[in-house]
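Trainee: I would like to learn how to read a structure of this kind from its strands, helices, charged pairs and core. Could we go through one together?

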Amino acid sequence: MPDNDYNPEDGDDLELAWDAGLGEVFATSEDADQAEETNGWCGRFRLVEEIARGGMGIVYRARDDRLERDVAIKVIRRDRIDENNCMSRFLEEAQIAGQLQHPGVVPIYETGLDDLDRPFFCMKLVKGETLSSLFKARPDIEGSLGHLINLFGSICQTVSFAHARGVIHRDLKPSNVMIGSFGEVQVLDWGFAKLIDAPRKPKRKTDRAGRKQSLKTIRSSQASSESVSGSILGTPGYMAPEQARGEIDLIDERCDVFALGAILCEILTGHAPHEKANGSTTAAV
């Protein structure tokens, strides 16, 4: 059996909450009240409240008093700091998202260590609704098709940009897509992202389209930067078969294309490919 370390940041175990006053959607967990020890600051950013908690990190709403704006701060969980590759994966998420400068990727403002020596990164505080919440709110499938297809096109553009830079997301799903107040579409949570054309692989100096790899991260030159063979990263229902089986060597851009197809299936039919009309799921790997 594969060693399943499936731990999505905003996975199925998280519950979406709507803050009507601010018009923001956040993922909140049942144990969100179990706040970690904190002195209330991450560098110059003043923490206001915890708004999300996942397998690897905690997201806070914070205040940037210097620029008079609210931001989001993601901090690694203290119980994950000493785990193998967790620190590197956390920092790599910030570096990948920071280098993917595209309207469809949440911008990263700053990285650093808080006073408890936990790494953090500061990013734009996203306001809007997730694609998942739009699916749940639509009164009928046909009436919303045009709007959702347009949104899907924007998602594809963002993923295409990432692929052109040698990055695969590996956890594309409706809850990882945010639709802003003005219709802007942003792909969230690059915690499982992977460089597919790492410089340490001389046989693949360029990808299949002849584009040179330009992104570099903390794990680019590390011998242990690859995911462990047999590990499963992603969300059931949106994973390609090879991804669900933990066949790391076979995973490339096509796993994202499969996930996009699953999202499109949900747009067109009202349920994911491996989900029956009554909401139950079937295994197909």
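Mentor: In what follows we take up the strands, then the charged pairs, then the core and the last of the helices to be discussed. Please keep in mind throughout that this is a predicted model.

Trainee: Let us begin with strands, then; in which sense do β7 and β8 pair, and over how many bridges?

Mentor: The general idea is that strands of a sheet pair through backbone hydrogen bonds, either parallel or antiparallel. Here β7, residues 108–113, and β8, residues 119–124, pair in the antiparallel sense over five bridges. To follow the register on screen, find G112, which stands opposite F120 of β8, and then L113, whose bridge partner in β8 is P119.

Trainee: How many residues lie between β7 and β8, and which residue in the turn has a positive phi?

Mentor: The two strands form a hairpin with five residues between them, and in that turn D117 has a positive phi of about 65°.

Trainee: Which other strand pairs with β8?

Mentor: Strand β6, residues 69–76, also pairs with β8 in the antiparallel sense, again through five bridges, and I73 stands opposite C122 of β8. As for its surroundings, β8 is mostly covered, five of its six residues being buried.

Trainee: There is also a sheet made of β9, β11 and β12; in what order do its strands come?

Mentor: This is an open sheet of three strands in the order β9-β11-β12, with antiparallel pairing. The strands at the edges are β9 (129–130) and β12, and because each has a single partner strand, one side of each is left without a neighbour in the sheet. Between β11 and β12 there are three bridges, and one place to look is I179, whose bridge partner in β12 is V185. Helix α3 packs on this sheet, touching β11 and β12, and its direction makes about 45° with that of β12.

Trainee: Let us turn to charged pairs; how should I read them, and what parts does the pair of E110 and R44 tie together?

Mentor: In general, side chains of opposite charge can pair when their charged atoms come close. The count of salt bridges in this model comes to 14. One of them joins the side chains of E110 and R44, at 3.7 Å from N to O. Since E110 lies in strand β7 and R44 in the loop between β3 (41–42) and β4 (45–53), the pair ties together parts that are 66 residues apart in sequence. E110 is partly exposed, with a relative accessible area of 29%, and R44 likewise counts as partly exposed, at 25% relative accessibility. The pair also belongs to a network of salt bridges that links R44, D64, R69 and E110.

Trainee: Turning to the pair of K173 and D171, is K173 buried or exposed?

Mentor: K173 is buried, with a relative accessible area of 3%, and D171 counts as buried at 3% as well. The closest N and O atoms of their salt bridge are 3.7 Å apart. For another case, look at R63 and D70, whose closest N and O atoms are 3.2 Å apart; there D70 counts as partly exposed, at 38% relative accessibility.

Trainee: Which residues have the most contacts inside the largest nonpolar core?

Mentor: They are L100, L131, I155, V167 and W190, in a core of 30 residues. Two or more residues each come from α1 (86–99), α2 (131–137), α3 (141–164), β11 (177–179), β12 (185–187) and α5 (253–269), and the largest share, six residues, is that of α3. Leaving aside neighbours within four places in sequence, V167 is in contact with I96, L100, A162, W190, A193, K194, L195, I196 and L215. A second, separate core has 17 residues, including I51, C86, V106 and L188.

Trainee: How far apart are the end C-alpha atoms of α5, and what span should its residues give?

Mentor: At 1.5 Å a residue, the 17 residues of α5 should span 24 Å, and its end C-alpha atoms are 25 Å apart, which agrees. The buried residues of α5 include E253, C255, D256 and A259, and among the elements that cover its buried residues are α2, α3, β10 (167–168) and α4 (241–244). Just after α5, G270 takes a positive phi of about 95°.

Definitions and conventions: Residues are numbered from 1 along each chain as its sequence is written. This is a predicted model: local features need pLDDT of at least 70, side-chain atom pairs count only at pLDDT 80 or more; totals for chains, interfaces and linings use all residues. Side-chain values use heavy atoms; hydrogens and water are left out. A nonpolar core is a set of buried Ala, Val, Leu, Ile, Met, Phe, Trp, Tyr and Cys residues joined through side-chain atoms within 4.5 Å. Buried means under 20% relative accessible area, exposed over 50%, partly exposed in between (1.4 Å probe, protein chains only). Helices (H or I, at least four residues) and strands (E, at least two) are DSSP runs, numbered from the N terminus. Contact means heavy atoms within 4.5 Å. The expected span of a helix is 1.5 Å times one less than its number of residues. Two strands pair if DSSP finds at least two bridges between them. Axes are lines fitted to C-alpha atoms, for helices over the stretch in contact, and angles run from 0 to 180 degrees between N-to-C directions. A salt bridge is a side-chain nitrogen of Lys or Arg within 4 Å of a carboxyl oxygen of Asp or Glu.
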